[in-house]
Amino acid sequence: MGTMAMAQERTLRQDNIDEVLSALTLREKASLVVGAGYKSMLAGIFRFDVPVPGAAGMTRAIPRLGIPAIVLSDGPAGVRIEPRRKGSEDSFYCTGFPIGSLLSSTWNPEIVERVGAAIGNEALEYGVDVLLAPGMNIQRNPLCGRNFEYFSEDPLLSGKIAAAYVRGVQSQGVGTSVKHFAANNQETNRFWNDSRVAEDVLREIYLRNFEIAVREAAPWTVMASYNRLNGIHTQEDKWLLTEVLRGEWGYEGLVMTDWTEKRNTAAQIQAGCDLMEPGKKSQIKDLIRKVRKGELAESDLDSCVRRVLELVVKTPTFKGYPRSLKPDLASHSPVAREAAEEGIVLLKNDRATLPMAEGSLVALFGVGSYQLLAGGTGSGHVHRPYVIGLDEGLRNEGITPYHPLADLYREHIRAHPPKKSFTSKMLGSPGSPELPVLRPTIEAAAASADLAVVTIARQAGEGGDRHLEDDFLLSDQERRLLEETCELFHAKGKKVVVVLNVGGVIETASWKLLPDAIVLGWQPGQEGGKALARILTGAVCPSGKLPVTFPVDYFDLPSSAHFPYNYVGRGSMSAGSEKENNVENVGYTDYAEGLDVGYRYFAKPGTPEVSFPFGFGLSYTTFSISEPLRSGNTISVTVTNTGPVAGKEVVMILDPVLQAFGKTHLLQPGESETLELLSFL
Ligand code: BGC
């Protein structure tokens, strides 16, 4: 063979991975399983020259064999890249979609798949090869700081929604990374915390949703978590990554680490963790040394390298896709809005308070009414081009915000803008502090406006868990505002609506009797204000249902005894340290509640009442649902809209746990649809 032919043979193609593998030197192999470092993630701050500034990571290229570096980017609610670039007048914004908890509240894999396809398309056009999403850990406890990125307390719902998301993104020829595998249910001490979970519980709850996503949607990659699982870092856990994931579930893709390097390189390779991100040169040296000393078999390294190459050949970068840097953002906004509209949950609606009458004058209380929180903070943050606030959304639907109050809040937000820090530029920031509103101001509003909306907003994110005071619970100031608003508006025969602009569950039982209606808007993405307004005015009939239980009291939850709800240590991106290994709920967390997660516990006799149960959500119309018909593995039901307006309905079979579910299309009054419900295995 001539030199030219040899060279061609060894240039990576889809069908010559083995030849290329055998042409690689040990150093090259080691460099392929170690990412290219923090440069692309920090490019927005330090102006490094990288293909996609703000992407979380990359792999390393080997040009002599035609192996390109590929680009990995966060995250669940949209693509997270830097919106501005050195030397360019152009902007590189990405659509801010609703958070995971809202997507699962749609109970509609079809809309989630459309969201995934839109995100995948933006990734493709910006030059991203693998999207580091969806986040899909079980919402074990409401205080987990990253619950907003996750889907549900139930593994079937979580798995089905995740599978839809993966299918959507991957339909664009871009990969996903289902994360964080596994049992990563708290942020406190996240690099070291040991989740101690019995195997049957793991399999039935914490692995089950990943199994569904893997089997049904074949994500290109899986991201192993930061935490330990029963004593072993998941990134080094051969049982988890090789026996269960690959052996039992038939997974053929790549496993990468979460973003840390403090693990044993050989143990990771031996476990089947193929790619160390973000990657450090010292890891390459370490791997070479270990192979040379016989501590790591080169064949184990080869298995990981093969999977890296198998991933590389699937990517747009490898295929030479000509990224446009101009995704059609305008066509994705309606997808973000529709998803938000389907996932907003109507929790209370006494005496048909909602929809609001056309032309109403509404007193909007709460900073969140003017500064909507579109999503959470951390790697799940998205640099979106805009966020439509609730006030703006209502104005567009013909509702007038009561001016004196709007002016007061706007002035307050101007004087107290969201805090900026080194990381907030990359990872988002909490909103402005709440404004204390005096009684005479509320009185004046009650005299003039037709009704009141009180928005309660909560921000949370990666690197820290939430707290009980002023977070899960209302702050004293919020409680006073709500009480006085209800008292003074009710005295005038006017109604009060609460809008919850939250990433996770909050306490509702102590105050839910006060207002006339409650709308759970979650963090609804950049189109959130519009979506909320269309629900509030009845342009859209609410059809979201809770993917998680709202308990009466935090301590009613069995997991509350095994969660760091009062931890006062570090809450930062690098949360925790090895020093705390022996501290209960910090160094280790016993999942002593076993299968008693969420509604699985509250459905049992003799357990406390809940404030709003799993699956709950009201509508502006009514439905009749036939008895389920079972034939083989399929369950079907017929749903009829028996009410006055068009709407969608969710059907779920809880026996005693969620067995199957489905959602209708938009049914006109009198219209029926026979649904075949979705189940697993
Ligand atoms: C997060 C991941 C994320 C990664 C890259 C980590 O800190 O846990 O979810 O994908 O950073 O940004």
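Buried here means under 20% relative accessible area, exposed means over 50%, and partly exposed sits in between (1.4 Å probe, protein chains only). This is a predicted model, where local features need pLDDT of at least 70 and side-chain atom pairs count only at pLDDT 80 or more, while totals for chains, interfaces and linings use all residues. Residues are numbered from 1 along each chain as its sequence is written, and side-chain values use heavy atoms, with hydrogens and water left out.

**View 1. Ser432, a buried loop residue.** Find Ser432 in the loop between helix H18 (424-427) and H19; helices (H or I, at least four residues) and strands (E, at least two) are DSSP runs, numbered from the N terminus. Its relative accessible area is 10%, so Ser432 counts as buried. Leaving aside residues up to four places away in sequence, Ser432 touches Val367, Gln371, Ile413, His416, Pro417 and Pro418 (contact means heavy atoms within 4.5 Å). A polar atom of the Ser432 side chain lies 2.6 Å from the backbone oxygen of His416.

**View 2. The buried side of helix H19.** Within H19 (residues 439-448), look for Ile442, Ala445 and Ala446, which are buried. They sit on the same side of H19 because they cover an arc of only 100° around the axis, going by the directions from the helix axis to the C-beta atoms. The buried residues of H19 pack against strand S11 (361-365) and helix H21 (476-491).

**View 3. Two buried cysteines, Cys94 and Cys144.** Cys94 is buried at 1% relative accessibility, and Cys144 is buried at 3%. As for disulfides (pairs of cysteine sulfur atoms within 2.5 Å), the count is zero.

Methods: A polar contact is a pair of N or O atoms within 3.5 Å; within protein, one must be able to donate a hydrogen and the other to accept it, and residues adjacent in sequence count only if both atoms are side-chain atoms.
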